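Colleague: I would like to learn how to read a model like this one. Can we go through it feature by feature?

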Amino acid sequence: MNILFVSSEVEDLAKTGGLADVAKALPLSFKSVGHDVRIVTPLYQTSSNVEHAKTILTNVTLHAGDSLYHYNVKQVDLHGVTVYLVDYPDYFFRKGIYSDGYHAYDDNGERYAFFSMAALHLAQLLEFKTDIIHCNDWHTGLIPFYLKKHWSNSEYLAEAKTVLSVHNGAFQGVFALDSVPFLQKSGVNYEDIHHGNINYLKIGVQYATKIVAVSPSYAQELQTDLGSHHMGDLFRSRSQDLVGIINGCDYTQWNPETDTMIPTNYSAEDMNGKAFCKANLQQHSHLPVDGDIPLIGMVCRITDQKGFSYLIPIIKNILHHNVQLVLIGTGDPELVRQIQSISDRHRNKFFFMNDFSLSFSHLVTAGSDFFLMPSLFEPCGLNQMYSLAYGTLPIVRAVGGLKDTVIDLEADPINANGFVFDRPDSEALLNCIRKALLFYHEYPQTFDIVRKKSIQTHFNWHDSAMKYEALYRSIN
Ligand SMILES: Nc1ncnc2c1ncn2[C@@H]1O[C@H](COP(=O)(O)OP(=O)(O)O[C@H]2O[C@H](CO)[C@@H](O)[C@H](O)[C@H]2O)[C@@H](O)[C@H]1O
């Protein structure tokens, strides 16, 4: 099949979170089973690995309402998959991808409406006869709508079907219609405008041929009032076309046997290297180097989604125990300030790195004993899969993809690979962490068995790609 995979971020080129991981791994899996898949993504000022990008379209003109856009298209190769980079500096040559670090850019509505149009436009210009357009999150939510309104007679796009993956339904892209002038002229239906605003994700869910939630549990949650980010009616109305497909783990990047970013390699058969990684992590984190102290790691965007509202109040209680905590993340400045201040007061137990570092994220994943992910909601979650691959037992809340991938020790001792709590509150979280610490101290042999087993838990991208493929075939 000919698949156009459109994403605002792609691992190795530009990344703020898990969307990028998926936008690389899934197309590569499609390619490996013989599909012609092309990725479309913006060329940002901060994009990596684009020095040798080849310009394939120069100064092409896109008419959008009364506006005229002149843009270029560049091309790079990502492990055998062609990536088209939409080059429009006015929108994408900025310090950040979506924000200046504090505030979302005012013209995000315009930026991604243009990007979505350009993705369709360039498929037409490049004569790519498309079977499937795979959209991802709100940034590309307008594509199914544009396709229907403006490209239904196109030789190359008329037969295309759209699939929208919802990686994070909390981000919906809500913009005042009058802030996106060309959108006013593109035939938006009256019923899609709410108090003068247009919601890109809603439009996507409404018009896409199929909708994919990135885990089966998230697909169910999206149809409840509590878990739907206020879009329950819409998701319920599309329940026949909504499926849950769990993400995979990219074991070419996340494998303790081959990882070149950690100080030494190890495997389920020989775990010695893990202790060395722990010592190295303690050193890098300016913590006492002591193999007996349980070490809890965390790698995430610092946002409410990740459970900080009930984690921050009990960090002090966690640190009353003989434990070390290492957290790397960037995000909400107020949460960052609170976390930094706790870390400053507990320097010998809690290291906080307010940065985005791939290599340190690998070291935390390998060197920790436990990986904390107490998310308020978690569409799929990738870091719990990464930590399982490194024998680092996840402590998670039973929500979304976390529920689908982590099995609690108390609930199912035979198949357990981590620790799970239910209620999104400080007490439940603290109890769960205490259980994990107790287990570490009291049952070291069982702890070793469980972590060896966790390394053998696999979530292959190939399996997920096959589910997507079956979905594609069902609509083609
Ligand atoms: N400071 C830092 N330094 C280095 N790396 C960092 C980092 N902060 C985060 N990362 C990396 O970013 C990715 C985060 O992925 P997640 O899936 O866990 O969350 P995210 O909420 O961004 O993704 C959303 O989309 C994905 C993909 O579908 C869903 O799994 C998820 O539930 C949903 O919220 C991981 O690769 C992680 O290692």
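Modeller: We take domains, then the core, then a small sheet. Keep in mind that this is a predicted model.

Colleague: Which domains does the assignment give the chain?

Modeller: Start with the bounds. Domain 1 covers 2-248 + 461-474, and domain 2 covers 272-456. Their C-alpha centres lie 32 Å apart.

Colleague: How many residues does each domain put into the contact?

Modeller: Domain 1 puts in 18 residues and domain 2 puts in 11 residues. On the domain 1 side, α1 (18-32) and α7 (216-221) each supply at least two residues. The most comes from α7, with 4 residues.

Colleague: What is the make-up of the side of domain 1 that touches domain 2?

Modeller: That side divides into 8 nonpolar, 8 polar and 2 charged residues.

Colleague: What does the UniProt record add?

Modeller: An unreviewed entry annotates residues 287-437 as "domain: Glycosyl transferase family". In the model, the end C-alpha atoms of residues 287-437 lie 18 Å apart. That span is 38% helix and 17% strand.

Colleague: Now the core. What is the general idea?

Modeller: In soluble globular proteins, nonpolar side chains tend to be buried together. Here, the largest nonpolar core has 144 residues.

Colleague: Which residues have the most contacts inside this core?

Modeller: They are V86, A119, L120 and I143. Helix α3 (residues 108-125) gives the most to the core, with 10 residues.

Colleague: Why does this core lie between domain 1 and domain 2?

Modeller: Because both domains give residues to the core.

Colleague: Take A119. Which residues is A119 in contact with, leaving aside neighbours within four places in sequence?

Modeller: With that filter, the partners are L4, V6, V40 and I143. The cut-off for a contact is C-beta atoms within 7 Å. I143 also appears with A119 among the residues with the most contacts inside the core.

Colleague: Last, the sheet. In what order do the strands of the open sheet run?

Modeller: Read across the strands, not along the sequence. The order is β8-β10-β9, 3 strands with antiparallel pairing. The edge strands are β8 (174-176) and β9 (193-194), each pairing on one side only.

Colleague: How many bridges join β9 to β10?

Modeller: There are 2 bridges between β9 and β10 (residues 197-199), and the two strands run antiparallel.

Colleague: Which residue in β10 stands opposite H194?

Modeller: N197 stands opposite H194. Find that pair on screen, then trace the sheet outward.

How values were computed
Residues are numbered from 1 along each chain as its sequence is written. This is a predicted model: local features need pLDDT of at least 70, side-chain atom pairs count only at pLDDT 80 or more; totals for chains, interfaces and linings use all residues. Two strands pair if DSSP finds at least two bridges between them. A nonpolar core is a set of buried Ala, Val, Leu, Ile, Met, Phe, Trp, Tyr and Cys residues joined through C-beta atoms within 7 Å. A residue is buried if 20 or more other C-beta atoms lie within 10 Å of its own, exposed if 12 or fewer, and partly exposed in between; C-beta atoms are placed from the backbone. Domain bounds come from an automatic or database domain assignment. Two residues are in contact if their C-beta atoms, placed from the backbone, lie within 7 Å. UniProt positions are given in the numbering used here, feature names are shortened, and annotations may be inferred rather than shown by experiment. Ala, Val, Leu, Ile, Met, Phe, Trp, Tyr, Cys and Pro count as nonpolar, Asp, Glu, Lys and Arg as charged, and the others, Gly among them, as polar.
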